[in-house]
Amino acid sequence: MRRWPETRAALIALVLFFWVIEALPLPMLSARHMRRDMAQEEVGRWVEILQGLSIEVRAEELVEIALTVSEETLAARAAVIKPFRVLERGLGMGQAWGLFTYADPYPGRLVIEATRGGNAWFPVYRAPNSDGSPVSQAVRHRRMRGVWDDSGDRPKPGKIYSRFARWVSGRVFEAHPDVQEVRVRLDRVTVRTPRQTPAKGPDKPRHIREHRRDGAP
Amino acid sequence: MRLWTAWVRIWSAREAPSVLAIVRILVAAVVLFDLLSLVRLDLISALFAPLEDGGLGNPLGRKNVPLLYQWFAPDASTAVTVVWLGIVAAAMLLLGAATPVAAITVVVVTSQLAAVLPPADRGIDMLLRNVLVILALSGCGKTWSIDARVRTGAWAGTGQTVPSWPRLLLVCQMFLVYGTAGVQKVGLTWLPMGDWSALYIVLRDPAFAVLSKATLDRFYVLTQLGTAMTWAWEWATPLAALAWWYRATRTRGGWLRAWMNSHGFWCKWVVVGAAFHLGTILTMRLGIFPFAMLAIYPCFFHPHTWATMWPRRKSPPVSG
């Protein structure tokens with residue numbers, strides 16, 4: 001144990017080395033990410049900036065470069081931190097920190113509506129407003145928000161989004177015994193700053209899922 | 001060789017356990033609140049049961065089935081039991097009972113919940129696990145804890161010092177969080193080319209919004225200022241790390257060290273960071289995120305510094 005201070009200092013140096021390599025902000029891009037409106041707009045603006053600096057590059061070329069760099073650097077990092085990741089993974093640890101890296105001007109608005117029959121739909125929840133009801137509180141919980149936001153706020157929603165819609169419909173049926181049908185949507189909102197041209201029209205309804213109390217499609 | 005000796009000396013320092021104990025109590029309180037909110041809102045089954053038993057995720061359908069469902073029955077009752085295990089462990093951590101075991105139990109429980117439904121696990125949960133592993137290896141239970149009471153007969157312990165390295169490592173962790181978050185803010189809306197509109201756009205996101213569009217439009221300039229300040233503050237993290245080092249070595253020479261110390265650069269950076277998080281509590285719905293981040297903030301200062309900030313209580317006369 002005479003060598004413990006040295007051993008401890010060496011271990012800490014090793015941990016810090018792996019932390020830094022793991023936290024290096026390398027772009028984790030995929031072709032699917034780059035097809036999104038927000039990414040397309042961002043690429044377009046970067047092309048304009050580069051052209052302003054006399055660097056001629058087309059949007060497709062820029063995307064290709066970004067994807068190649070992303071793939072190769074991520075592979076190199078994965079190889080370096082592999083032994084450390086084995087230890088980390090078991091305890092759900094990691095070093096990927098991106099806090100609002102890109103502000104999304106096309107976020108999703110969760111809307112839940114219900115009807116007691118016919119076409120008279122009434123709102124149960126419309127983000128971000130909450131009436132304090134258990135359903136509102138449940139869908140606003142940060143973990144549940146992660147579920148519907150991650151799987152739903154994209155051009156094609158994932159399976160979990162549909163499961164979420166079925167689950168939350170069940171909650172609404174429980175809370176409102178007279179409700180016959182529930183509709184869940186994740187409308188696309190267009191955020192424009194006061195200095196930009198206002199968005200045309202209302203939110204764009206999308207990813208509509210409807211569930212009837214009797215389970216009929 | 002001199003560098004190595006200095007490195008060993010830094011990580012061999014000792015200090016009072018008070019700051020680590022405060023971080024332990026605050027972090028445990030945040031985790032406890034978070035897990036109890038799952039119970040209160042009846043979300044455990046939906047989030048953590050397998051698909052076959054009413055869950056939203058499909059952990060049994062994946063190539064790597066989480067250990068939780070390899071070892072125990074893959075049903076909702078297992079999910080409920082594990083969440084309650086996490087609640088008990090978080091309460092024990094808060095009270096400082098079997099502190100290292102409690103901390104590691106919380107880590108294991110939350111990491112298994114994360115494995116069951118990854119989208120329900122956010123970055124802040126991962127950060128809390130990183131912090132809890134460090135706390136488990138530290139002397140955070142040596143004071144203001146049941147452990148201290150059992151071992152020494154006093155809640156505050158005997159005043160025995162503990163290694164400083166866990167607190168220093170927590171500070172390094174925070175530098176990494178803020179520094180890399182800043183470097184990654186390459187979206188043009190964080191920059192003048194995007195009219196510094198990032199904060200405005202984020203505050204308008206219905207998933208997080210608290211303020212109305214009219215209010216945000218009215219105070220658009222303030223959101224721009226907030227965007228620029230957030231970006232600059234996060235990018236200033238390397239300077240903050242330098243200021244932190246200079247503060248710890250204030251007796252040495254150098255004009256930059258003298259300037260940073262005389263201008264209180266470190267304190268200002270920490271205060272601005274805390275103000276940002278307090279601001280997000282008021283303007284965004286981010287769940288436990290700002291509270292969890294603030295729970296780690298006490299580690300930014302040495303126990304001596306905190307002791308000088310607090311009015312000292314007179315020590316009771318020592319009997320016997």
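The following paragraphs describe the nonpolar cores, the contact between chains A and B, and one helix pair in a predicted model. Local features require pLDDT of at least 70 and side-chain atom pairs count only at pLDDT 80 or more, whereas totals for chains, interfaces and linings use all residues. Residues are numbered from 1 along each chain as its sequence is written, and chains are lettered from A in the order in which they are written.

The largest nonpolar core (buried Ala, Val, Leu, Ile, Met, Phe, Trp, Tyr and Cys residues joined through C-beta atoms within 7 Å, buried meaning that 20 or more other C-beta atoms, placed from the backbone, lie within 10 Å of a residue's own) has 115 residues, with Val23(B), Val27(B) and Val106(B) making the most contacts inside it. Its largest share, 11 residues, is contributed by helix H2 (residues 18-40) of chain B, helices being DSSP runs of H or I with at least four residues, numbered from the N terminus. Another core, of 7 residues, lies apart from it and includes Trp244(B) and Trp266(B).

Between the chains, 54 residues of chain A are in contact with 53 residues of chain B, contact requiring C-beta atoms, placed from the backbone, within 7 Å.

Within chain A, H6(A) and H7(A) pack at an angle of about 135°, their axes lying 8 Å apart, where axes are lines fitted to C-alpha atoms over the stretch in contact and angles run from 0 to 180 degrees between N-to-C directions. H6(A) is therefore oblique to H7(A), since angles under 35 degrees count as roughly parallel, over 145 as roughly antiparallel, 65 to 115 as roughly perpendicular and the rest as oblique. Val147(A), Trp148(A), Ser151(A) and Gly152(A) in H6(A) meet Ile160(A), Tyr161(A) and Phe164(A) in H7(A).

Conventions: Buried ≥ 20, exposed ≤ 12 C-beta atoms within 10 Å, placed from the backbone. Helix = DSSP H or I, 4+ residues; strand = E, 2+ residues; numbered from the N terminus. Contact = placed C-beta atoms within 7 Å.
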